[in-house]
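Hello,

Here is the structure we talked about. Please open it alongside these notes; my findings follow below.

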2 protein chains.
Amino acid sequence: MLRSEQVFRALADPNRRRILAILKAGSRSAGEIAGEFPISMASLSHHYGVLKSADLIRSERRGQSIVYSLNTTVFEDVAS
Amino acid sequence: MLRSEQVFRALADPNRRRILAILKAGSRSAGEIAGEFPISMASLSHHYGVLKSADLIRSERRGQSIVYSLNTTVFEDVAS
DNA sequence: CGTATATTTAGATGTTAGGCTAAATATCAA
DNA sequence: TTGATATTTAGCCTAACATCTAAATATACG
C-alpha cells in the first residue's frame, strides 16, 4: 500500500485527527492522550497503529510509558 | 455534519480521489469519467454524491449528459 | 407519442473499520 | 521474583461503506 494511501486512510477518522491535533501541541504518553477520549485505551492503541503505518506519528518508550509525537516531515510531503 | 468532516470522508476513497484528479484536467460528463473506471456507473454516481456533499465538485446538466467539474475554492479553504 | 440514451435511485450483499472486553507483554519498584 | 502500572494484541460484534443489478427518471429525437 502506498504511503499517501495510508495517510488518507489515517486522516479519514475524526478520533485520529484529534490525536494529531493534541500531539501538535507537544508529545504525550498514551495514557495522557486517553484522558481526552471517551473510548478505551485498546481502541486508541489501534488508532496509534494506523497513524504509525502512515508515518504520521512516532512512538518512543519512556520508562513505563510510551510517548507519542508528531512526525511533522510527512505533513509537508503530503501537502505537495 | 461539518463540511471539513465531509471532505475528509470524501477523500478517504481512492476512486473518489481519482475522480478529482480527472476533473483537475477539466470538466467531464459522467459517461466520460465512467470510461476510466472498471466499476459501474451506479457506483460512480454514488461517489459523485459523496463528492458533492463535500462540495468538492459541481454538476450541471448539458443536454442528456451531466457534466461534473471541480469546485476549486473548497480545496483552498480546507488547505488552511 | 414512443424509443433510445444518459444518469440516478433503490435494494441487496460482502467487506472493512471502529468499538469493546479480556488476555498478553513490558517496565518499574519493593 | 512478585505485584502494580502502562500499553498492546487478539477475538468478537456491529455499523458503515463500496459495489452490484434492476428499476426509475430525465432528456433528445424521429
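**How the copies meet**

Every interface residue of chain B, 100% of them, is also an interface residue in chain A, so the two copies meet through the same surface. Keep in mind that this is a predicted model.

The contact involves six residues of chain B and six residues of chain A. On the chain B side, helix α1 (residues 3-11) gives the most, with four residues. By class, that side has four nonpolar and two charged residues, and no polar ones.

Now the symmetry. A turn of 180° with a shift of 0.0 Å along the axis lays chain B on chain A, at an RMSD of 0.0 Å. That is the relation of a two-fold axis. In chain B, the C-alpha of Ala12(B) is nearest the axis, at 2.8 Å.

**Around DNA strand D**

The strand is surrounded by 26 residues. The closest are Gly31(A), Ala42(A), Ser45(A), Ser40(B) and Ala42(B). Elements giving two or more residues to this surface are α3 (30-34), α4 (41-53) and β3 (65-70) of chain A, plus α4 (41-53) of chain B. The largest share, six residues, comes from α4(A). By class, the surface near DNA strand D has 15 polar, eight nonpolar and three charged residues.

**A check on α4(A)**

What span should α4(A) have? At 1.5 Å a residue, its 13 residues should span 18 Å. The end C-alpha atoms are 18 Å apart, which agrees. Just after α4(A), Asp55(A) takes a positive phi of about 60°.

Best wishes

Notes
Residues are numbered from 1 along each chain as its sequence is written. Chains are lettered from A and ligands numbered from 1 in the order in which they are written. This is a predicted model: local features need pLDDT of at least 70, side-chain atom pairs count only at pLDDT 80 or more; totals for chains, interfaces and linings use all residues. A residue is near a molecule or strand if its C-beta atom, placed from the backbone, lies within 6 Å of it. Ala, Val, Leu, Ile, Met, Phe, Trp, Tyr, Cys and Pro count as nonpolar, Asp, Glu, Lys and Arg as charged, and the others, Gly among them, as polar. The expected span of a helix is 1.5 Å times one less than its number of residues. Two residues are in contact if their C-beta atoms, placed from the backbone, lie within 7 Å. Copies are superposed by least squares on the C-alpha atoms of residues with pLDDT of at least 70 in both.
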